[in-house]
Amino acid sequence: MDKTARIAVVGAGIAGLTVAGLLRQQGYSVTVFDQAQSFWRIGSGIILGASTAKVMRQLGIEADMVRAGVKPDAFVSRDVTTGEVLNELVFDAEAEGRFGGPFVNIHRADLHQILLSTLAPETLHFDHQLAGIDHAADGVRLSFTNGQHFDTDLVIGADGIRSVVRDLVQGTSAPRYVGKVALRATFPTEKIAGVPMRDCTKWWGDDRHLLAYYMSERRDECYIMGAVPSDDWDESTPPREGSREDFLNGFAGAHDDLLGLMMAAEKVQLLPICDRTRNDKWSDGRIVLAGDACHAVRPFMAAGGSMAIEDGAILARAIAAGSSPEDAFRIYETMRITRVGDVQRISAENSWLKTPHPTEWFFGYDPYAHELSKAA
Ligand SMILES: Cc1cc2nc3c(=O)[nH]c(=O)nc-3n(C[C@H](O)[C@H](O)[C@H](O)COP(=O)(O)OP(=O)(O)OC[C@H]3O[C@@H](n4cnc5c(N)ncnc54)[C@H](O)[C@@H]3O)c2cc1C
């Protein structure tokens with residue numbers, strides 16, 4: 001599409017910042033809106049597969065991401081009770097070459113800052129909560145709850161699992177509580193002196209699991225995230241503070257190595273885990289969705305962020321290649337829906353990396369290696 005096309009991105013999360021940075025790089029005028037007053041440092045980490053490194057490379061920030069995060073030596077799967085090692089996917093130089101990039105664990109706030117560095121500061125408008133979108137003959141008008149309006153040619157809805165833009169494209173619906181609560185904690189590594197902790201381990205139980213990893217090369221801070229069944233929550237229950245007991249009760253009978261980690265948890269946050277049922281309508285006229293706004297997955301494959309980043313790469317390419325918004329969005333949907341559908345299914349099964357299986361298709365994916373396709 002013509003470089004004069006004005007593009008608005010709603011949501012300055014992983015998807016929104018990625019696509020905005022890439023579109024800006026291509027010479028488009030991009031404006032990003034977020035409801036938050038400003039960015040704040042939420043205490044959690046994120047795992048990013050090698051496909052995202054290729055997008056960061058395109059943006060010129062791969063080295064920044066690697067420097068801020070940690071390249072784990074392996075992804076290890078262990079049994080919650082016996083501690084038996086069920087799988088170990090090694091991330092050495094050979095694997096990095098095979099996948100075409102590193103696997104990186106990073107603090108979310110660091111990832112946001114790095115993505116943000118690809119945008120001019122005046123591009124981003126905080127305190128702009130989208131209220132609605134009106135269609136006009138030559139574009140669309142965004143309305144915000146602060147009374148402001150913005151006229152644009154294209155809208156990218158990257159406003160997360162509770163997306164307002166999604167409601168306009170697909171009709172209103174609520175996220176789906178998946179019957180499990182996430183327990184999250186970070187703590188200094190010095191609190192687990194003597195407890196063995198690998199760079200990145202997933203502890204597997206029958207109906208629950210816990211992921212433990214470092215978020216930087218210094219390995220001075222640990223992040224643990226458990227998922228345990230609960231009937232007491234639903235999709236509208238707000239996150240709340242928990243305690244170490246929530247971990248200990250959720251993983252009663254845990255192996256000593258895991259017990260040692262949970263004993264270090266002090267500040268614990270609980271939140272309901274939600275996803276969305278698959279819906280392949282990702283666009284409507286001049287409006288398109290990206291990231292969790294169109295395909296929120298359960299965080300059991302640790303792939304939602306990677307999908308949001310890959311979306312950004314393909315959407316930016318499709319906008320540059322398309323002859324109209326509809327044409328561009330058709331290309332984007334054709335390139336993304338099947339892959340994202342596979343990730344949605346595997347995330348729901350919660351089977352990824354439990355035991356050895358092919359991983360090339362996921363980590364080896366390169367959003368720049370595929371020719372853009374219009375075929376469904
Ligand atoms: C517990 C947990 C652990 C996870 N772990 C991983 C992991 O290890 N690896 C991985 O790849 N993924 C992981 N995920 C998934 C990942 O966090 C999400 O898929 C990813 O953050 C989606 O990015 P996004 O940009 O689409 O949405 P978000 O990050 O949710 O960003 C949406 C943005 O839109 C803004 N917004 C919302 N509504 C409006 C509005 N009306 N107007 C203006 N702005 C608005 C919000 O303020 C926010 O900044 C995890 C998820 C959870 C819940």
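Three short exercises with solutions follow, on a predicted model.

**Exercise 1. Overall form**

Find how the radius of gyration of the chain compares with the globule rule.

Solution.
- Start with the elements: the chain has 12 helices and 19 strands.
- Take the radius of gyration, 20 Å. The globule rule gives 21 Å for 376 residues. The two values are close, so the chain is as compact as a globular protein of that length.
- Add the extents: the C-alpha trace spans about 65 × 45 × 35 Å along its principal axes.
- Check the contacts. Of those between residues at least 6 apart in sequence, 74% join residues at least 24 apart.

**Exercise 2. The core**

Identify the residues with the most contacts inside the largest nonpolar core, and the element that gives this core its largest share.

Solution.
- Begin with burial: 45% of the 376 residues are buried.
- The largest nonpolar core holds 110 residues. Val9, Val19, Ile156, Ala290 and Leu315 have the most contacts inside it.
- Helix H10 (residues 304-321) supplies the largest share, nine residues.
- Now follow Val19. Leaving out residues up to four places away in sequence, Val19 touches Val9, Ile156, Ala158, Ala290, Gly312, Leu315 and Ala316.
- For background, nonpolar side chains tend to be buried together in soluble globular proteins.

**Exercise 3. The ligand shell**

Describe the residues around the ligand by distance, element and class.

Solution.
- The shell has 32 residues, and Gly11, Gly13, Gly291, Gly304 and Gly305 come nearest.
- Helix H1 (14-25), strand S3 (45-48), helix H9 (292-295) and H10 each give two or more residues.
- H10 gives the largest share, four residues.
- By class, 18 are nonpolar, 11 polar and three charged.

Technical notes
Residues are numbered from 1 along each chain as its sequence is written. This is a predicted model: local features need pLDDT of at least 70, side-chain atom pairs count only at pLDDT 80 or more; totals for chains, interfaces and linings use all residues. A nonpolar core is a set of buried Ala, Val, Leu, Ile, Met, Phe, Trp, Tyr and Cys residues joined through C-beta atoms within 7 Å. A residue is buried if 20 or more other C-beta atoms lie within 10 Å of its own, exposed if 12 or fewer, and partly exposed in between; C-beta atoms are placed from the backbone. Two residues are in contact if their C-beta atoms, placed from the backbone, lie within 7 Å. The radius of gyration is taken over C-alpha atoms; the globule rule is 2.2 Å times the number of residues to the power 0.38. A residue is near a molecule or strand if its C-beta atom, placed from the backbone, lies within 6 Å of it. Ala, Val, Leu, Ile, Met, Phe, Trp, Tyr, Cys and Pro count as nonpolar, Asp, Glu, Lys and Arg as charged, and the others, Gly among them, as polar.
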